[in-house]
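Visitor: I'm new here and I like to ask how we know things. Could you show me the structure and let me quiz you about it?

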Amino acid sequence: MNQGFTYFKEVGKGALIGLGILALIIGGFSVGGLGSANNAQAPQVSASVDASASPSPSSSSARSCSVAELAADPRLAKLSGVVINSATDEVLFDRNANVPASTASVMKTLTAAAAILTLGPNYRVETRVYQDATDPGTIILVGGGDPTLSKTAAGKQSVYVDAPKLSTLALNVNKKLAATPITKIIVDATLFSGPTWEPSWEKSELTEGYMSEVTALQVDGDRANPAAETSRRSTSSVMNAGNAFKKALGANAAGATVVAAAMPSDASQIASVSSQPISKWITHMLQVSDNTQAEALARLVALDQGLSGSFASIDAAIKKAVAPLGLNLSGMSIRDGSGLSDYNAVSPTVFAKLMQLVNKPGSGIDLIRQGLPVSAESGSLADRFKGDNIDAAGHVFAKTGWIKKGYTLAGIINAKDSTTLTFAVYALGDVKADAKQAIDNLVTGFYRCGDQLSNQ
């Protein structure tokens, strides 16, 4: 449960007043909730990276800015968190910091790092079309793991800006085939193996529009509305792609049947399109928390390492990919690339240490920083850190997370005193949407305290 701290033993009224005067004289201060936890207020404050180190809190005797009341907000349920002074590597705040727990979408930062380190930021995914050697009227659309492939018309954009289009593939196929009519379209999504849905995910993610099936062939992330980030998905993403391709091919494929199967071994390639570089995927994924892109990246990382490209391969793949960063991965368990599963378990310290490297130019994963939402300004933080927390606007760069059993936030703070802090906060258990406000209050407290943040 939440940890609070008591500052004064019971004393007489006069002694308490004296202590208050003494506190003002010596300049001690704290960030606390001067009101009930439900009034969502966060009062104003007065007055090199070692990724493998196991952090321990620095001495609180030299630091006098406390966020204890904010950390005790019941809306945070079971609080885990850590704050690190990025320059000195000192741990300023620790609540179960080294205990692996559910991450929600903060997991996407680890997936992004794995993709950059394994595939490289300029990696592009190809979608190819082949022609059957023995039946010229049969063509095969082969998915390469690109969920951004779009059915939108030329000149129109999906949520994935400048994504490759089915219309481009169709145009090139029709040119190549000339007068040969298309009688059969095979759709091949066999690049990814195993189940297309993680058993621990809520099926409502499909109907509510937050997640598609994990397939190597789909268009617009299988959204019913390609231009809407949140849009209903289906249980037939591969066939949907095939039918959209048939429509794009026009009259030459009007009588074609569409079937899902593996490509014949003797087929020859006749057309292809390439995705945007995954550096653009990563920025979009982090800004809006795109689950479909995250899962595609995790599978591609696994395949690049010679693994199966199934859910079962993701844990080993991501751990191997980020191993060069020197993070302490003990006890870590990864079920997916998006963070949707309650069974992901990563400690807050891993993310705070990761953010130290994200904030370090030349670390190899520093491009992640440009994709992090900014408090009160962009992405999934655009509508947060307002009101009483407005002074932290533009100073918190962080990935948000939400699952039904928790809210999370991890990133970088350019603190009021110019100290750079990295942090991770988990509010897990019986939480409601107002946990986000409690997290923002606490993180604003970190911002206001800066290097004077006390663990007490």
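Visitor: How many residues are in the protein chain, and what share of them is buried?

Guide: There are 456 residues in the protein chain, and 56% of them are buried. Keep in mind that this is a predicted model. The chain's accessible surface comes to about 17900 Å², and carbon and sulfur atoms account for 53% of that surface. As for secondary structure, the chain has 12 helices and 12 strands.

Visitor: Why is Ala77 called buried?

Guide: The cut-off for buried is under 20% relative accessible area. Ala77 has 12% relative accessibility, so Ala77 counts as buried. You'll find Ala77 in the loop between α2 (68-71) and β3 (78-85).

Visitor: What makes the phi of Ala77 worth pointing out?

Guide: Most residues other than glycine have a negative phi. Ala77 is not a glycine, yet its phi is positive, near 50°. Asp220 is another such case, with a positive phi of about 55°. Asp220 sits in the loop between α5 (204-208) and α6 (237-249).

Visitor: And Asp220, how do you know whether it is buried or exposed?

Guide: Again, buried means under 20%. Asp220 has 0% relative accessibility, so Asp220 counts as buried.

Visitor: What about Ser237, why is it buried or exposed?

Guide: Ser237 has a relative accessible area of 0%, so Ser237 is buried. Its place is in helix α6. Beyond its neighbours within four places in sequence, Ser237 is in contact with Glu213, Thr215, Leu217, Gln218 and Asp222. Val219 is 18 residues away from Ser237 in sequence, and their C-alpha atoms are 7.7 Å apart in space.

Visitor: Let's turn to helix α3. How do you know that its span agrees with the expected one?

Guide: The 12 residues of α3 should span 16 Å at 1.5 Å a residue, and the end C-alpha atoms are 17 Å apart, so the two agree.

Visitor: What makes α3 mostly covered?

Guide: Of its 12 residues, 11 are buried. Among them are Met107, Leu110, Ala113 and Ile116. The buried residues of α3 pack against α7, α8, α9, α10, α11 (368-371) and β10 (396-403). After α3 comes Gly120, with a positive phi near 90°.

Visitor: Why is α7 described as largely enclosed?

Guide: Eight of the 11 residues of α7 are buried, so the rest of the structure largely encloses this helix. Those buried residues are Ile278, Ser279, Trp281, Ile282, His284, Met285, Leu286 and Gln287. Their cover includes α3, α8, α11 and β10. Following α7 is Ser289, whose phi is positive, near 65°.

Visitor: Which residues of the largest nonpolar core touch the most other members?

Guide: That core has 60 residues, and Leu110, Phe351, Leu354 and Ile368 touch the most other members. Elements giving two or more residues to this core include α3 (107-118), α7 (278-288), α10 (348-358) and β12 (420-428). Another core, of 34 residues, lies apart from it, with Val67, Leu79, Ala376 and Ala415 among its members. Back to Leu354: leaving aside neighbours within four places in sequence, Leu354 is in contact with Thr109, Leu110, Ala113, Leu325, Leu327 and Ile365.

Visitor: How many aromatic pairs does a search of the whole structure find?

Guide: Six aromatic pairs turn up. One aromatic pair is formed by Trp197 and Trp201, with 4.9 Å centre to centre and 90° between the planes.

Visitor: Why is the pair of Trp197 and Trp201 called edge-to-face?

Guide: Two rings pair if their centres lie within 6.5 Å, and planes over 60 degrees apart count as edge-to-face. At 4.9 Å and 90°, Trp197 and Trp201 fit that description. Both of these residues are buried. Elsewhere, Phe93, Phe423 and Phe446 form one aromatic cluster.

Visitor: What makes you say that the charged end of Arg299 sits over the ring of Phe311?

Guide: One part of the test is that CZ of Arg lies within 6 Å of the ring centre; the other is an angle within 35 degrees of the ring normal. The charged end of Arg299 is 4.3 Å from the centre of the Phe311 ring, and is counted as sitting over that ring. Arg369 likewise lies over the face of Phe397, at 4.2 Å from the ring centre.

Key
Residues are numbered from 1 along each chain as its sequence is written. This is a predicted model: local features need pLDDT of at least 70, side-chain atom pairs count only at pLDDT 80 or more; totals for chains, interfaces and linings use all residues. Side-chain values use heavy atoms; hydrogens and water are left out. Helices (H or I, at least four residues) and strands (E, at least two) are DSSP runs, numbered from the N terminus. Buried means under 20% relative accessible area, exposed over 50%, partly exposed in between (1.4 Å probe, protein chains only). Accessible areas come from the Shrake-Rupley method with a 1.4 Å probe; for residues, only the protein chains shown count as cover. A nonpolar core is a set of buried Ala, Val, Leu, Ile, Met, Phe, Trp, Tyr and Cys residues joined through side-chain atoms within 4.5 Å. Contact means heavy atoms within 4.5 Å. The expected span of a helix is 1.5 Å times one less than its number of residues. Rings of Phe, Tyr and Trp (its six-membered ring) pair if their centres lie within 6.5 Å; planes under 30 degrees apart count as stacked, over 60 as edge-to-face and the rest as tilted.
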